[in-house]
Amino acid sequence: MRIVAVFPAAPHPFGNTDARWFHVLLSELLARDCEVSAIVASEESDERIAEAKQWVARLKGDLAVHWHKLRVDSFGLRRKWQNLVRPRSEMLQDATLIALLGRTLERDYDILHLEQMSTGWLGLGLPRALLNVHYFDAIDRGDRPNMSLGERKALWQAKRATIQLLRGMQNVRLLTPRLKEFAESINPRGRYWVVPFALDASLYALQPLAQEPVVGLIGSMHWEPSRSAAERLITRIWPLVKGQMPEAKLLVAGWNAAKYLERYAAQPDVTLLSDLAHSTDFFSRVAVMVYAPSQGSGMKVKVMESMAYGVPVVTTWEGVEGINYQNGRECWVGDSDDELAQQVCRLLANADERRRMREAARTLIEERYSPRPVVDSMIAVYRQIAGSRQQAPQVTLCT
């Protein structure tokens with residue numbers, strides 16, 4: 001099977017969420033003797049691309065990777081007009097990228113695998129194109145009170161892009177049933193598959209059981225779901241925990257933590273960490289991970305990583321969206337601040353329960369959300385799309 005894949009970030013086993021999945025996908029496709037041509041269309045730094053190239057070079061199989069520095073239209077008024085007509089269509093403004101994809105597809109292909117909504121514009125009108133959606137920005141941004149003009153504009157553009165792309169793409173893979181329902185509400189005639197996110201558990205060493213009563217949260221704080229989860233934890237859940245367990249401490253880490261949460265830095269027993277050399281610098285110190293976002297769609301990879309590292313999780317239903325868990329076995333899931341705080345204190349006070357939960361959670365990740373079963377499901381989706389293949393029409397990219 002010949003796969004052409006377009007990635008908006010460089011595949012990297014220790015990169016951001018997207019990068020890790022892209023590396024897993026490439027590794028597993030090559031292990032199944034697929035022929036893969038990947039186009040990495042990214043604005044990442046040269047240093048990050050160089051690191052990714054080193055990791056990709058270690059992969060064995062029939063793989064060709066085209067590294068493309070994404071460039072949008074430099075003429076401001078034209079760029080604004082293009083984004084008004086086709087919201088968030090920056091990739092269509094890169095003529096070199098369009099030509100590169102056209103040449104790659106001319107060799108024929110079975111599946112055009114497009115990752116994230118931003119690449120969807122490249123697949124409109126093309127046969128056997130599969131758009132892979134991890135979350136919907138239109139859900140995550142939501143209609144929040146006191147939104148700025150810029151935030152309202154971004155939400156408006158996100159909604160417009162979502163509607164146009166879902167109505168234009170026939171084949172869509174989504175991470176969770178909730179995302180599938182949202183897509184169906186926009187285009188009930190589309191073909192949809194639910195295939196979850198995968199973690200390579202071999203990269204996540206089980207951390208020693210924490211001895212200190214440290215509660216933690218890690219995430220990119222410029223992303224609204226992570227920031228809202230941090231603010232709820234600090235201002236509402238943490239005081240309840242601290243009232244019952246005065247010796248407890250709170251650690252909040254991740255990109256831009258100090259920038260967005262600076263006003264909470266002076267609170268007693270609260271530590272903010274913006275720069276981590278490795279995620280184990282966080283997970284090795286934390287006894288319980290608490291993730292309670294106000295809203296956020298898709299699978300929460302930091303929750304999955306916490307399970308893989310062996311740190312028990314207390315969260316809401318949105319925190320475990322797409323994960324087939326048993327409440328009280330692999331994690332604790334609640335709704336109210338009081339309920340979440342009670343479960344945090346219960347785990348902090350009971351090392352045996354934390355040990356049982358971390359073992360069950362790690363097993364869940366290995367059995368259901370590791371590369372092999374997830375990419376097996378992806379291959380099944382590919383076969384359904386390619387199985388109905390007829391004489392391919394002439395490839396014409398949307399420009």
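Buried means under 20% relative accessible area, exposed means over 50%, and partly exposed lies in between (1.4 Å probe, protein chains only). This is a predicted model in which local features need pLDDT of at least 70 and side-chain atom pairs count only at pLDDT 80 or more, while totals for chains, interfaces and linings use all residues. Residues are numbered from 1 along each chain as its sequence is written, and side-chain values use heavy atoms, with hydrogens and water left out.

**Exercise 1. A salt bridge and its two ends**

Task: Find which residue forms a salt bridge with Arg-32, and describe both partners.

Solution:
- Step 1. Start with the rule: a side-chain nitrogen of Lys or Arg must be within 4 Å of a carboxyl oxygen of Asp or Glu.
- Step 2. The partner of Arg-32 is Asp-376, and their closest N and O atoms are 2.5 Å apart.
- Step 3. Arg-32 lies in the loop between helix 1 and strand 2 (35–42), and Asp-376 in helix 14 (residues 371–387), so this pair ties together parts that are 344 residues apart in sequence. Helices (H or I, at least four residues) and strands (E, at least two) are DSSP runs, numbered from the N terminus.
- Step 4. Arg-32 is partly exposed because its relative accessible area is 22%. Asp-376 is also partly exposed, at 39%.

**Exercise 2. A salt bridge within a network**

Task: Work out where Glu-318 and Arg-178 lie in the chain, and which network of salt bridges includes them.

Solution:
- Step 1. The side chains of Glu-318 and Arg-178 meet in a salt bridge of 3.2 Å, N to O.
- Step 2. Glu-318 is in the loop between strand 12 (313–315) and strand 13 (332–333), whereas Arg-178 is in helix 7 (residues 177–186), 140 residues apart.
- Step 3. Glu-318 is buried, with a relative accessible area of 7%, while Arg-178 is partly exposed at 23%.
- Step 4. Salt bridges link Arg-178, Lys-300, Glu-318 and Glu-321 in a network. Across the whole structure, a search finds 24 salt bridges.

**Exercise 3. Two aromatic pairs**

Task: Decide whether the pair of Phe-7 and Phe-22 is stacked or edge-to-face, then do the same for Tyr-204 and Tyr-309.

Solution:
- Step 1. Rings of Phe, Tyr and Trp (its six-membered ring) pair if their centres lie within 6.5 Å; planes under 30 degrees apart count as stacked, over 60 as edge-to-face and the rest as tilted. The structure holds eight such pairs.
- Step 2. Phe-7 and Phe-22 are 4.5 Å centre to centre with 10 degrees between the planes, a stacked pair. Phe-7 belongs to strand 1 (residues 2–7) and Phe-22 to helix 1 (residues 17–31), so the pair ties together parts 15 residues apart in sequence. Both Phe-7 and Phe-22 are buried.
- Step 3. Tyr-204 and Tyr-309 are edge-to-face, at 5.0 Å centre to centre and 65 degrees between the planes.
- Step 4. Tyr-204 counts as buried at 2% relative accessibility, and Tyr-309 does at 1%. Ring pairs join these two with Phe-282 and Phe-283 in a cluster.

**Exercise 4. The largest cavity**

Task: State how much space lies in the largest cavity and how its lining divides by class.

Solution:
- Step 1. On a 1 Å grid over the protein atoms alone, a cavity is a set of points where a 1.4 Å probe fits but cannot get out, and lining residues have an atom within 4 Å of a point. Grid points are joined across faces, edges and corners, and a volume is the space filled by probe spheres set on the points.
- Step 2. The largest cavity has about 60 Å³ of space.
- Step 3. Its lining includes Pro-13, Arg-20, Asp-200 and Tyr-204.
- Step 4. The lining divides into seven nonpolar, one polar and two charged residues. Here Ala, Val, Leu, Ile, Met, Phe, Trp, Tyr, Cys and Pro count as nonpolar, Asp, Glu, Lys and Arg as charged, and the others, Gly among them, as polar.

Conventions
On a 1 Å grid over the protein atoms alone, a cavity is a set of points where a 1.4 Å probe fits but cannot get out, and a pocket is an open set with protein on both sides within 12 Å along at least five of seven lines; lining residues have an atom within 4 Å of a point.
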